[in-house]
Amino acid sequence: MSQKKLLRALAGETLETPPIWMMRQAGRYLPEYRATREKAGDFLSLCYNPELAAEVTLQPIRRYDFDAAILFADILLVPQALGADLWFVTGEGPRLSTITSQRDLDALKPVDDIHDTLGPIYETVQILSRELPSDTTLIGFAGAPWTVATYMIAGKGTPDQGPAHLLRQEDTQVFEALLDLITEATIEYLSRQISAGAECVKLFDSWAGSLSGEAFDKYALAPAARIIAELKARHPGIPVIAFPREAGPKYEGFAKATGADCVALDNSVDLDWAVERVQRDGCVQGNLASSHMVTGGQALVDETRAIVDAFSGGPHIFNLGHGITPDADPDNVQIMIDTVRAK
Ligand code: CP3
């Protein structure tokens, strides 16, 4: 059995202190990240440069001794590998060519072709699996189909995912075909990451919260279940973390219904409710508000302790409820880690 703390928690073990890592731990709040990004030229060049992408993945491990490293890449590389144009506008975020018709869909590449673009990412995973400390778990990841589709349909991030909801209502067939294509591409992408050395994978469904009722089950839950079943069939025992962000009451039962080994909780989820309704099914990850990494102080310590205490009776991975933001103070990250590990 693995001695790595993160893998032990994922296997359902209750540990003395929870393993810890942080979403977006390699990011702009770190001066060493900004320097490496500068060297690469821009964000996408950094993603596709295996040496430099491995370097920024390792930076937060060296600085903080996290229990896990997450591959440095982006969820929008899959649309790019499928043939969508992708670029980042400074201060505004991602832009993509849009998919809103059968014609747009037909112009995309077949799933088998994605590895032509994504090859450097697998190389990054290989470098990391050689270079990481022996007690650090390597996490691979991809966006969940619904979240990736919201960007592909709108061509950018949207506050309410309006264009994706519109397409799903007005041209359900095209919408569902797009979701299927992303689902298949995600299986192949994550499967290659695992073959290259990822020891766990995480599915980011950042916009799951804008789906409700039957739509949530069809477009968030079912694709996750399909991806997880296929990955586990190909790579027996591979642990999967699912992050249906802002799923609210739909967090209950999500792990069981999808086969995920762990669900990541956003910071809107009430601790007592999560202990009773979610952690009883297995490992949970989360869920400190990332704003504490900006504001610090006693509130950061108190809230960190409250989360560790609440989940101490079962398997838990400490993390933020969403990614750390560029205005965060790196010192607050160390305070959070020290608080989690002080026992
Ligand atoms: O967590 C990590 O350290 C691993 C790397 C990682 C990135 N993006 C790097 C990144 C991961 C896991 C992601 C996931 C991701 N990307 C999500 C899902 C999680 C979430 O945050 O909800 C989404 C929706 C994206 C799409 C994306 N990428 C957006 C909307 C943006 C722009 C917003 C922003 O923060 O500027 C990105 C860019 C991005 N991805 C950055 C990083 C470090 C910032 C790029 C830069 O250096 O300028």
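Trainee: Where is arginine 24 found?

Mentor: In this predicted model, arginine 24 belongs to the loop that joins helix 1 (5-10) and helix 2.

Trainee: What is phi of arginine 24 near?

Mentor: It is near 60°. That is a positive value, and the residue is not glycine. Arginine 24 also matters for the next topic: among the residues around the ligand, it is one of those that come nearest.

Trainee: Which others come nearest to the ligand?

Mentor: Arg28, Tyr33, Arg37 and Ser206 join Arg24 on that list. The surroundings hold 22 residues. By class, the shell has 15 nonpolar, three polar and four charged residues.

Trainee: Which pocket does the ligand take?

Mentor: The ligand occupies the space of the largest pocket.

Trainee: Now the polar contacts. What lies 2.5 Å from an oxygen atom of the ligand?

Mentor: An N or O atom in the side chain of tyrosine 33. Alanine 26 contributes through its backbone: an N or O atom there is 3.4 Å from an oxygen atom of the ligand. Aspartate 74 faces a nitrogen atom of the ligand, with a polar side-chain atom 2.7 Å away.

Trainee: How much of the ligand's accessible area does the protein cover?

Mentor: On its own, the ligand has 870 Å² of accessible area. The protein covers 87% of that.

Trainee: How is a pair of aromatic rings described?

Mentor: Two values are used: the distance of the centres and the angle of the planes. Searching the whole structure gives ten aromatic pairs. Take tyrosine 33 and phenylalanine 72: their ring centres are 5.7 Å apart and their planes are at 50°, so the pair is tilted.

Trainee: Which parts of the chain does this pair link?

Mentor: Distant ones, 39 residues apart. Tyrosine 33 is in helix 2 (residues 31-40). Phenylalanine 72 is in the loop between strand 1 (68-70) and helix 5 (77-81).

Trainee: One last backbone feature. Is the peptide bond from glycine 286 to asparagine 287 cis or trans?

Mentor: Read omega: it is near -10°, and the bond is cis.

Trainee: Where is the place of asparagine 287?

Mentor: Asparagine 287 lies in strand 8, which covers residues 283-288.

Methods. Residues are numbered from 1 along each chain as its sequence is written. This is a predicted model: local features need pLDDT of at least 70, side-chain atom pairs count only at pLDDT 80 or more; totals for chains, interfaces and linings use all residues. Side-chain values use heavy atoms; hydrogens and water are left out. A residue is near a molecule or strand if one of its heavy atoms lies within 4 Å of it. A polar contact is a pair of N or O atoms within 3.5 Å; within protein, one must be able to donate a hydrogen and the other to accept it, and residues adjacent in sequence count only if both atoms are side-chain atoms. Accessible areas come from the Shrake-Rupley method with a 1.4 Å probe; for residues, only the protein chains shown count as cover. On a 1 Å grid over the protein atoms alone, a cavity is a set of points where a 1.4 Å probe fits but cannot get out, and a pocket is an open set with protein on both sides within 12 Å along at least five of seven lines; lining residues have an atom within 4 Å of a point. A molecule sits in a cavity or pocket if more than half of its atoms lie within 2 Å of its grid points. Ala, Val, Leu, Ile, Met, Phe, Trp, Tyr, Cys and Pro count as nonpolar, Asp, Glu, Lys and Arg as charged, and the others, Gly among them, as polar. Rings of Phe, Tyr and Trp (its six-membered ring) pair if their centres lie within 6.5 Å; planes under 30 degrees apart count as stacked, over 60 as edge-to-face and the rest as tilted. Helices (H or I, at least four residues) and strands (E, at least two) are DSSP runs, numbered from the N terminus.
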